[in-house]
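Colleague: Could you take me closely through the packing around one part of this model, and then place that part in the whole? Please state the cut-offs behind each term as you go.

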Amino acid sequence: MEMKDAIAALSALAQDTRLSVFRLLVVAGPDGMPAGEIATAMAAPANTISTHLSILAAAGLVRSQREGRSIRYFARMEGMTALLTFLLRDCCRGNPDLCLPLTDHLSQALCPPQDAP
């Protein structure tokens, strides 16, 4: 990822509705969500959500797929992965063990341990 791409992604996420939409799409997972459902969930007009989705798409953080007269949106996790990789690429001056607390925290936050039966 280039600096300009990272700035575009960070700028896209630096707005409360767009950040909420991205997080909503992350929760929706591989099924994504139709634009109308996103607008309903955000309690915002469809044209406003459309603008936010366009900004997120331009930043590489969401993708869309037409389904008849509707458009379904998906979080582009590869876009977020590229952004996080860009931000952490030179973490700890090449001493990855110094970054273990961060990676351990992310691992726990994203994949909490399951209770044993």
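**A helix and its surroundings**

Modeller: Leaving aside residues up to four places away in sequence, His52 touches Gln15, Thr17 and Arg18, where a contact means heavy atoms within 4.5 Å. The model is predicted, so to speak of local features requires a pLDDT of at least 70 and side-chain atom pairs count only at pLDDT 80 or more, while totals for chains, interfaces and linings use all residues. Residues are numbered from 1 along each chain as its sequence is written, and side-chain values use heavy atoms, with hydrogens and water left out.

His52 belongs to helix 4, helices being DSSP runs of H or I with at least four residues and strands runs of E with at least two, both numbered from the N terminus. With a relative accessible area of 10%, His52 is buried; that word stands for under 20% relative accessible area, exposed for over 50%, and partly exposed for what lies in between, using a 1.4 Å probe and protein chains only.

Two of the partners of His52, Thr17 and Arg18, also appear in the contact between helix 2 and helix 4. On the side of helix 2 this contact involves Thr17, Arg18, Val21, Phe22 and Leu25, which meet Ile49, His52, Leu53, Ile55 and Leu56 of helix 4. Two packed helices are described by the angle between their axes and the distance between the axes. Here the axes come within 10 Å and cross at roughly 75 degrees, where axes are lines fitted to C-alpha atoms, for helices over the stretch in contact, and angles run from 0 to 180 degrees between N-to-C directions. That makes helix 2 roughly perpendicular to helix 4, because angles of 65 to 115 degrees are given that name, those under 35 counting as roughly parallel, those over 145 as roughly antiparallel and the rest as oblique. By class, the contact of helix 2 with helix 4 has seven nonpolar, two polar and one charged residues; Ala, Val, Leu, Ile, Met, Phe, Trp, Tyr, Cys and Pro count as nonpolar, Asp, Glu, Lys and Arg as charged, and the others, Gly among them, as polar.

Helix 4 (residues 46-58) also packs on helix 3 (residues 35-42), at an angle of about 105 degrees and with the axes 9 Å apart, so that this pair, too, is roughly perpendicular. Helix 3 brings Ile38, Ala39 and Met42 to the contact, and helix 4 brings Ala46, Ile49 and Leu53. These residues divide into six nonpolar, no polar and no charged. In the loop between helix 3 and helix 4 sits Ala43, whose phi is near 50 degrees, a positive value in a residue other than glycine. Ala43 counts as exposed at 73% relative accessibility.

Further along the chain, Val62 lies in strand 2 (residues 62-67) and is buried at 2% relative accessibility. Apart from residues up to four places away in sequence, Val62 touches Phe22, Leu25, Leu53, Leu56, Ala57, Tyr73, Phe74, Ala75 and Arg76. Leu53 and Leu56 in that list are helix 4 residues that meet helix 2, and Phe22 and Leu25 are helix 2 residues from that contact.

Phe74, another partner of Val62, is placed in strand 3 (residues 70-75) and is buried, with a relative accessible area of 6%. Besides Val62, its partners beyond four places in sequence include Leu25, Gly29, Pro30, Asp31, Gly32 and Leu61. The C-alpha atoms of Phe74 and Gly32 are separated by 4.4 Å, although these residues are 42 apart along the chain.

Phe22 leads on to the largest pocket, as it is among the residues nearest the centre of that pocket, together with Met77, Met80, Leu84 and Leu110. The lining comprises 17 residues, and helix 5 gives the largest share, seven residues. By class it has 14 nonpolar, two polar and one charged residues. On a 1 Å grid over the protein atoms alone, a pocket is an open set of points with protein on both sides within 12 Å along at least five of seven lines, whereas in a cavity a 1.4 Å probe fits but cannot get out; lining residues have an atom within 4 Å of a point.

As for the whole, the protein has six helices and three strands, in the order α-α-β-α-α-β-β-α-α. Of its 117 residues, 25% count as buried.
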